[in-house]
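Subject: Structure for you to look at

Hi,

Here is the structure I promised to pass on. Have a look at it first, and then read my notes below.

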Amino acid sequence: MRYPDTILGKIVADKEREIASKKSLISLTSLRDRPLYQRPRVSVVEAFKAQAGIIAEHKRRSPSRPSINQGLSVQEVAAGYEKAGARALSVLTDGKYFGGSLEDLLLARASCSLPLLRKDFVVDTYQITEAKAYGADFVLLIGSVLEHHEINEFAAYAQEEDMEVLLEIHQEDELPADLHPGIGLVGVNNRDLRTFEVSLETSKRLSKLIPNNRICISESGLSSKEEIDDLASHGFRGFLIGEGLMKNQAPGERLRQLIQESKSLS
Ligand SMILES: O=P(O)(O)OC[C@@H](O)[C@@H](O)c1c[nH]c2ccccc12
């Protein structure tokens, strides 16, 4: 673990404990027996090849924001995002720090047919099988959590499970030189997970490093059409937005407005 004395270090240490105990209770075989494990994957890469768009996120709370909008149900948020024209849906499944769950993933899957991201801190390939068994189509791998060799090993495992991968980076040195072909999307997190500081300049700086056969996603801190259009001019094709949508009474309505107003999305 690279950052033991930060909130990120704490989250990862907790996650490692959580997964170790889960693995002893629920086997991979029993995950693979779940009905959703057999469901054909919906490709997020294909969705973005066709058109730029937004990965809309369901997020109740985060370490930097104790309450965003706790009253909404995941079903209404997921269905609202799909109706409004989201390209994909992201659902936080970490419980302790983000108030999410695998149950949320199941409910989201049942409420929409968009490519679905399991958003969590993946520290073990077990979580990739689990994501598939609960209805996800792609998983997040975080460059500040995993070593380069782990990123590529986890991506190979995801490919065997027929899952797609969004690799998130926040610094130059988090991107492996020999990126595994299973990593179809590379996201730049504008938020530093160690300090919570947000800067869209991070996306602009790191965009130059992303191989041009990968789909570039800008993540976090986005809420306006100006920001989206500016980032689109730097090569970004996807925009991952949580709080900027979730803080509204009707997140789907806010998304619809944003898509209509932004030159690069409509
Ligand atoms: O709510 P925001 O600022 O729009 O951010 C969404 C998303 O990018 C953020 O939730 C996120 C990006 N990477 C993460 C890793 C773990 C947990 C959460 C995240």
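A quick word on terms before the tour: helices here are DSSP runs of H or I with at least four residues, strands are E runs of at least two, and both are numbered from the N terminus. Counted that way, the chain has 11 helices and eight strands. Keep in mind that this is a predicted model.

Let's start with the overall build. The C-alpha atoms of the chain fit in a box of roughly 50 × 40 × 35 Å along the principal axes. For 266 residues, a compact globule would have a radius of gyration near 18 Å, and the chain has 17 Å, so the two agree. An unreviewed UniProt entry annotates residues 9–258 as "domain: Indole-3-glycerol phosphate synthase". That span is 39% helix and 17% strand, and its end C-alpha atoms are 35 Å apart.

Now the sheet. Eight strands close into a barrel, going round as β1-β2-β3-β4-β5-β6-β7-β8 with parallel pairing. On average, neighbouring strands of this sheet are turned by 25 degrees against each other, ignoring direction. To pick one pair, β6 (residues 183–189) and β7 (residues 215–219) are joined in the parallel sense over five bridges. N189 has E219 in β7 as its bridge partner, and E219 will come up again below.

Two helices are worth finding against the strands. Helix α4 (residues 74–84) lies across β1 (53–58) and β2 (88–92), and runs at about 175 degrees to β1. Helix α5 (residues 102–111) lies across β1, β2 and β3 (116–119), at about 160 degrees to β2.

Finally, the ligand. Which of the 15 residues around the ligand come nearest? They are E219, S220, L240, G242 and E243. The elements that give two or more residues to this shell are β8 (238–241) and α10 (243–246). By character, the shell residues split into four nonpolar, five polar and six charged. So if you want a place to zoom in, try E219: the bridge partner of N189 is also among the residues that come nearest to the ligand.

Cheers

How values were computed: Residues are numbered from 1 along each chain as its sequence is written. This is a predicted model: local features need pLDDT of at least 70, side-chain atom pairs count only at pLDDT 80 or more; totals for chains, interfaces and linings use all residues. A residue is near a molecule or strand if its C-beta atom, placed from the backbone, lies within 6 Å of it. Ala, Val, Leu, Ile, Met, Phe, Trp, Tyr, Cys and Pro count as nonpolar, Asp, Glu, Lys and Arg as charged, and the others, Gly among them, as polar. Two strands pair if DSSP finds at least two bridges between them. Axes are lines fitted to C-alpha atoms, for helices over the stretch in contact, and angles run from 0 to 180 degrees between N-to-C directions. Two residues are in contact if their C-beta atoms, placed from the backbone, lie within 7 Å. UniProt positions are given in the numbering used here, feature names are shortened, and annotations may be inferred rather than shown by experiment. The radius of gyration is taken over C-alpha atoms; the globule rule is 2.2 Å times the number of residues to the power 0.38.
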